[in-house]
Amino acid sequence: KQWYQRRVAITAGEGSYIDKKCPFTGDVAIRGRLLRGIVNNMKMKRTLTIRRDYLHYIKKYNRFEKRHKNISAHVSPAFLDVGKGDTVLVGQCRPLSKTVRFNVLKVIATAAADKKKFTKF
C-alpha cells in the first residue's frame, strides 16, 4: 500500500462507504502493472470493463494489424462519476473474482473532454 498513500482519492479519504476490495480503504494491495484503458462496459455491480487497443506487427506482410484486449476491473464507490468512454488508470492486485484482477485507481479523462482528440485508431 506504500505507492498510493499520498495519492488517496478525495472521496475515499472522506467517504463513509465500506468496500473490502477498495485499494484506498480496503484490504487490497496494488502490485504489478499499471494500465490505461477506455471504459467499455459498466453493466456489472462495482465492476467495469476497459478496452485496450494496440498494434500487432505481421512480419510476413511488413504491416501492423489492430488488436484489443478487454480487462475487467473493480470500481470503488470513490469513483461514482466514471462513465462509458472515460479513460481510467487501473492497477494490478490479487484476484478479486474469477475475471477481476485489476482495480480502478484514477479517472484520467472523461468522455466529453476527449471527444475531439486524436486517438490511435
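Select Tyr57, which lies in strand S2, the stretch of residues 47-58. The model on display is a predicted one. With a relative accessibility of 37%, Tyr57 counts as partly exposed. Add Leu55 and Phe64 to the selection: together with Tyr57 they form a nonpolar patch on the surface, and the accessible area of the three amounts to about 320 Å².

**The whole chain**

Now display the entire protein chain, coloured by secondary structure. The chain contains 1 helix and 5 strands. Followed along the sequence, these elements appear in the pattern α-β-β-β-β-β. The chain has 121 residues, of which 36% are buried. Its exposed area is about 8,700 Å², and carbon and sulfur atoms supply 52% of that area. Among contacts with a separation of 6 or more, 56% are between residues 24 or more positions apart.

**The nonpolar cores**

Next, select Leu48, Ile50, Phe79, Val88, Val90 and Val104. These residues have the most contacts inside the largest nonpolar core, which has 17 residues. To see which elements build this core, colour strand S1 (34-44), S2, strand S3 (63-74), strand S4 (87-92) and strand S5 (102-109); each of them gives two or more residues to it. A further core of 6 residues lies apart from this one, and Val28, Leu96, Val100 and Leu105 are among its members.

Which residues are in contact with Val90, leaving aside its neighbours within four places in sequence? Centre the view on Val90 and show its surroundings: Arg33, Leu34 and Leu35 are in contact with it, as are Ile50 and Ala73, and also Phe102, Asn103, Val104 and Leu105.

**Asp19 and its partners**

Move to Asp19, in the loop between helix H1 (10-14) and S1. Is Asp19 buried or exposed? Asp19 has a relative accessible area of 8% and is therefore buried, the limit for that class being under 20%.

Show the side chains of Arg46 and His74 as well. The side chain of Asp19 makes a polar contact of 2.8 Å with that of His74. Asp19 also forms a salt bridge with Arg46, in which the closest N and O atoms are 3.4 Å apart. This pair links distant parts of the chain, since Asp19 is in the loop between H1 and S1 while Arg46 is in the loop between S1 and S2, 27 residues apart. In contrast to the buried Asp19, Arg46 counts as partly exposed, at 36% relative accessibility.

To complete this view, display the other residues around Asp19. Setting aside residues up to four places away in sequence, Asp19 touches Thr25, Gly26, Arg46, His74, Val75, Ser76 and Pro77.

**The other salt bridges**

How many salt bridges does the count come to? The count comes to 3 salt bridges. Side chains of opposite charge can pair when their charged atoms come close.

Select Arg51 and Asp53, whose side chains meet in a salt bridge with an N to O distance of 2.9 Å. Arg51 counts as partly exposed at 33% relative accessibility, and Asp53 is likewise partly exposed, with a relative accessible area of 30%.

Then select Glu65 and Arg67. These two residues form a salt bridge in which the closest N and O atoms are 2.7 Å apart. Glu65 is partly exposed, with a relative accessible area of 31%; Arg67 is also partly exposed, with a value of 35%.

**From Arg67 to His56**

Keep Arg67 in view and add His56, which lies in strand S2. His56 is partly exposed, with a relative accessible area of 30%. What joins the side chains of His56 and Arg67? A polar contact of 3.4 Å joins them. From C-alpha to C-alpha, His56 and Arg67 are 6.7 Å apart in space, with their positions 11 residues apart in sequence numbering.

Finally, show everything that His56 touches beyond residues up to four places away in sequence: Arg63, Phe64, Glu65 and Arg67. Two of these residues, Glu65 and Arg67, are the salt-bridge pair already visited, and Phe64 belongs to the nonpolar surface patch with Leu55 and Tyr57. The tour thus returns to its starting residue, Tyr57, in strand S2.

Terms used
Residues numbered from 1 in each chain as written. Predicted model: local features only at pLDDT ≥ 70, side-chain atom pairs only at ≥ 80, totals over all residues. Heavy atoms only, no water. Patch = residues over 30% accessible without salt bridge, like charges linked within 9 Å, V, L, I, M, F, W, Y side chains within 5 Å. Areas by Shrake-Rupley, 256 points an atom, 1.4 Å probe, with all protein chains shown as cover. Salt bridge = Lys/Arg side-chain N within 4 Å of Asp/Glu carboxyl O. Helix = DSSP H or I, 4+ residues; strand = E, 2+ residues; numbered from the N terminus. Buried < 20%, exposed > 50% of the residue type's maximum accessible area, 1.4 Å probe, protein only. Contact = heavy atoms within 4.5 Å. Core = buried A, V, L, I, M, F, W, Y, C linked by side-chain atoms within 4.5 Å. Polar contact = N/O pair within 3.5 Å; in protein donor to acceptor, adjacent residues only side chain to side chain.
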